[in-house]
Amino acid sequence: MTFNPLRERGIPLDRQVRNWRELDVTPIDPDHADPYTRCRIITMNGIEIESIMFSHHFARRCPDLGVRQRLAEVRYVEQQQQKAVNWLLPGLASVLETTIAYEQVAVDLTAWVARMEPDPYLRKAYEFGVLEDFDHLYRYANLYEMIEHRKAEKIVDQLTEVMPGRPTKMHHRHPVDNVREHYDREKAKPVSKLHALTIMSAEQQTMNFYMNVGPMYMEPIARQLYQEIGLIEEEHVTHYESLLDPRETWWEQWLNHEYNECYLYHSFMETESDPRVRTIWELHLNMELEHLRIAADLFREHDGRDPEQVLAPTLPTPVAFEPNKGYLRELISTQIDHTTLGTGYVQEAHERFQRWQEQVHDDVEPASERVIDDNRARSGEEYRLEIEGGHPLYSLRSH
Ligand SMILES: [Fe+2]
Ligand SMILES: [Fe+2]
Ligand SMILES: [Fe+2]
Ligand SMILES: [Fe+2]
């Protein structure tokens with residue numbers, strides 16, 4: 001079934017506003033929910049936050065009062081959507097449990113996007129980044145065992161493996177080396193634009209989350225680990241946002257944002273296992289169709305082009321949360337020692353990388369290393385969840 005969001009009718013904007021009762025969603029059950037339902041919630045929260053912040057930035061640069069009022073009206077609804085989505089998360093889960101779920105999103109969403117991305121340069125950006133969030137998952141899982149005495153499989157289940165990826169201490173690069181070449185808005189496939197926007201939004205929310213929750217811990221190792229990984233999420237946002245063509249007009253960017261929201265809500269409506277959550281994806285899709293219509297009208301009027309010229313004619317393959325174990329093992333065995341140089345990738349450490357490493361680490365082992373040693377000392381062994389056999393690299397097998 002093909003679905004063209006430009007041809008579908010949504011809910012009129014004045015009927016999209018919800019009262020307190022409607023906003024007061026019942027959270028998912030942390031012990032029985034499908035881990036991928038939680039991943040979809042975290043993804044859509046990141047998408048809504050990006051749509052809100054994008055709209056604020058647009059409004060700050062837009063001199064037309066009528067457009068600013070329109071942006072404010074749509075943005076209020078985006079805010080209500082963000083509340084309905086993010087409040088599906090249960091208050092019962094600890095910050096660290098939510099953190100582990102955030103990294104599970106980064107792993108399985110980025111891996112899926114990498115597998116589906118048609119452009120080789122963009123695909124490489126996702127393959128490169130996913131090996132780092134994969135390692136973050138392992139570091140946080142060890143922190144979790146150490147300070148909460150629980151195992152990360154309680155959160156990720158058997159869907160995502162937990163073991164070393166590219167070691168976190170190697171993620172600290174010179175900022176210059178985090179800026180990639182952008183796609184060409186005229187030549188890039190519409191699906192490539194959606195992928196870039198999705199991963200950028202997810203990483204941005206992870207960055208925001210660690211910036212805010214990191215200091216809420218008392219344990220020094222936890223505070224330090226959030227600082228360290230928080231700085232890497234800054235690198236990831238720089239890496240992914242630089243893939244988007246900065247020459248896209250504000251109208252075009254708004255159009256792409258609304259289209260991407262339609263794409264993701266439609267995808268999750270198709271793949272959601274929890275019927276109650278599915279009704280929220282469906283409701284929000286019907287709201288987004290109207291946002292898209294509004295953005296398309298303003299695009300025609302102010303950009304002078306036809307939305308069909310820049311958007312996909314039908315929605316691409318639905319975004320799916322599914323295990324990527326074999327794929328990730330393959331990436332680990334081939335790309336673990338990659339780093340970046342300028343806008344490209346190299347296999348060996350270069351001078352600028354070395355200098356940055358020396359400056360940041362200053363001969364002290366970072367928290368990402370100490371958390372493993374500390375947990376090994378306290379729990380007898382480090383935490384891993386290796387489902388498909390030993391670590392793909394002999395040097396990283398546990399002994
Ligand atoms: Fe939205
Ligand atoms: Fe991460
Ligand atoms: Fe990340
Ligand atoms: Fe929207």
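Good morning. I begin with a pair of metals: the iron ion (ligand 1) and the iron ion (ligand 4) lie 3.3 Å apart, and Glu78 bridges the two. Glu78 sits in helix H3, while Glu261, in helix H9 (residues 250–271), stands 183 residues away, so that this pair links distant parts of the chain. Both Glu78 and Glu261 are buried. Please bear in mind throughout that this is a predicted model.

Let us take the two ions in turn. Which protein atoms coordinate the iron ion (ligand 1)? Glu48 appears twice through OE atoms, and Glu78 (OE), Gln81 (OE1), Glu261 (OE) and Glu288 (OE) complete the list, at 2.0 to 2.3 Å. Along the chain, the donors of this ion follow the spacing E-x29-E-x2-Q-x179-E-x26-E. Why is the arrangement around the iron ion (ligand 1) called irregular? The six donor atoms subtend angles of 58 to 177°, and an octahedral site would need opposite donors over 155 degrees apart and all others between 65 and 115.

The iron ion (ligand 4) has as its protein donors Glu78 (OE), Glu258 (OE), Glu261 (OE), Glu288 (OE) and His291 (ND1), and they lie 2.0 to 2.4 Å from the ion. Their spacing in sequence reads E-x179-E-x2-E-x26-E-x2-H. Here again distant parts of the chain are linked: Glu78 belongs to helix H3 (residues 65–86) and His291 to helix H10 (residues 275–303), 213 residues apart. Glu78 and His291 are both buried.

Helix H10 also holds His284. Is His284 buried or exposed? It is buried, because its relative accessible area is 0% and the limit for that term is under 20%. The side chain of His284 makes two polar contacts that I wish to point out. One, of 2.8 Å, joins it to the side chain of Arg18; another, of 3.0 Å, joins it to the side chain of Tyr265. If we set aside neighbours within four places in sequence, His284 is in contact with Arg18, Gln81, Ala84, Val85 and Tyr265. Gln81 has already been mentioned, as a donor to the iron ion (ligand 1).

I turn now to another pair of iron ions. The iron ion (ligand 3) and the iron ion (ligand 2) lie 3.3 Å apart, with Asp133 as the bridge. What are the protein donors of the iron ion (ligand 3)? They are Asp133, through two OD atoms, together with Glu203 (OE), Glu233 (OE) and His236 (ND1), at 2.0 to 2.7 Å. The spacing of these donors along the chain is D-x69-E-x29-E-x2-H. Asp133 lies in helix H5 and His236 in helix H8, 103 residues apart, and this pair too links distant parts of the chain. Asp133 is buried, since its relative accessible area is 0%. His236 also counts as buried, because its relative accessibility is 1%.

Next, the aromatic rings. How many aromatic pairs does a search of the whole structure find? The search finds 17. Tyr36 and Phe321 form a tilted pair, with 5.6 Å from centre to centre and 35° between the planes. Tyr36 is in helix H2 (residues 35–60), whereas Phe321 is in the loop between helix H11 (307–310) and H12, so the pair ties together parts that are 285 residues apart in sequence. Tyr36 and Phe321 are both buried.

Tyr210 and Tyr226 form an edge-to-face pair, at 5.6 Å from centre to centre and with 80° between the planes. Since Tyr210 lies in helix H7 (residues 190–213) and Tyr226 in helix H8 (residues 220–241), this pair ties together parts that are 16 residues apart in sequence. Both Tyr210 and Tyr226 are buried. They also belong to a cluster linked by ring pairs, alongside Tyr102, Tyr140, Phe209 and Tyr217.

I finish with helix H12 (residues 325–335). Which of its residues are buried? They include Lys325, Leu328, Arg329, Leu331, Ile332 and Gln335. These residues cover an arc of only 165° around the axis, and therefore they are on the same side of H12. A general point about geometry helps here: an α-helix has 3.6 residues a turn, so residues three or four places apart point the same way. Among the elements that cover the buried residues of H12 are helix H4 (95–116) and helix H5 (120–148). Helix H5 is also where we met Asp133, the bridge between the iron ion (ligand 3) and the iron ion (ligand 2). Thank you for your attention.

Note on methods
Residues are numbered from 1 along each chain as its sequence is written. Chains are lettered from A and ligands numbered from 1 in the order in which they are written. This is a predicted model: local features need pLDDT of at least 70, side-chain atom pairs count only at pLDDT 80 or more; totals for chains, interfaces and linings use all residues. Side-chain values use heavy atoms; hydrogens and water are left out. Donors are N, O and S atoms within 2.8 Å of the metal (3.2 Å for Na, K and Ca); water is not among the atoms, so sites may look incomplete. Helices (H or I, at least four residues) and strands (E, at least two) are DSSP runs, numbered from the N terminus. Buried means under 20% relative accessible area, exposed over 50%, partly exposed in between (1.4 Å probe, protein chains only). A polar contact is a pair of N or O atoms within 3.5 Å; within protein, one must be able to donate a hydrogen and the other to accept it, and residues adjacent in sequence count only if both atoms are side-chain atoms. Contact means heavy atoms within 4.5 Å. Four donors count as tetrahedral if all angles lie between 85 and 135 degrees; four count as square planar and six as octahedral if opposite donors are over 155 degrees apart and all others between 65 and 115; anything else is irregular. The arc is that of the directions from the helix axis to the C-beta atoms. Rings of Phe, Tyr and Trp (its six-membered ring) pair if their centres lie within 6.5 Å; planes under 30 degrees apart count as stacked, over 60 as edge-to-face and the rest as tilted.
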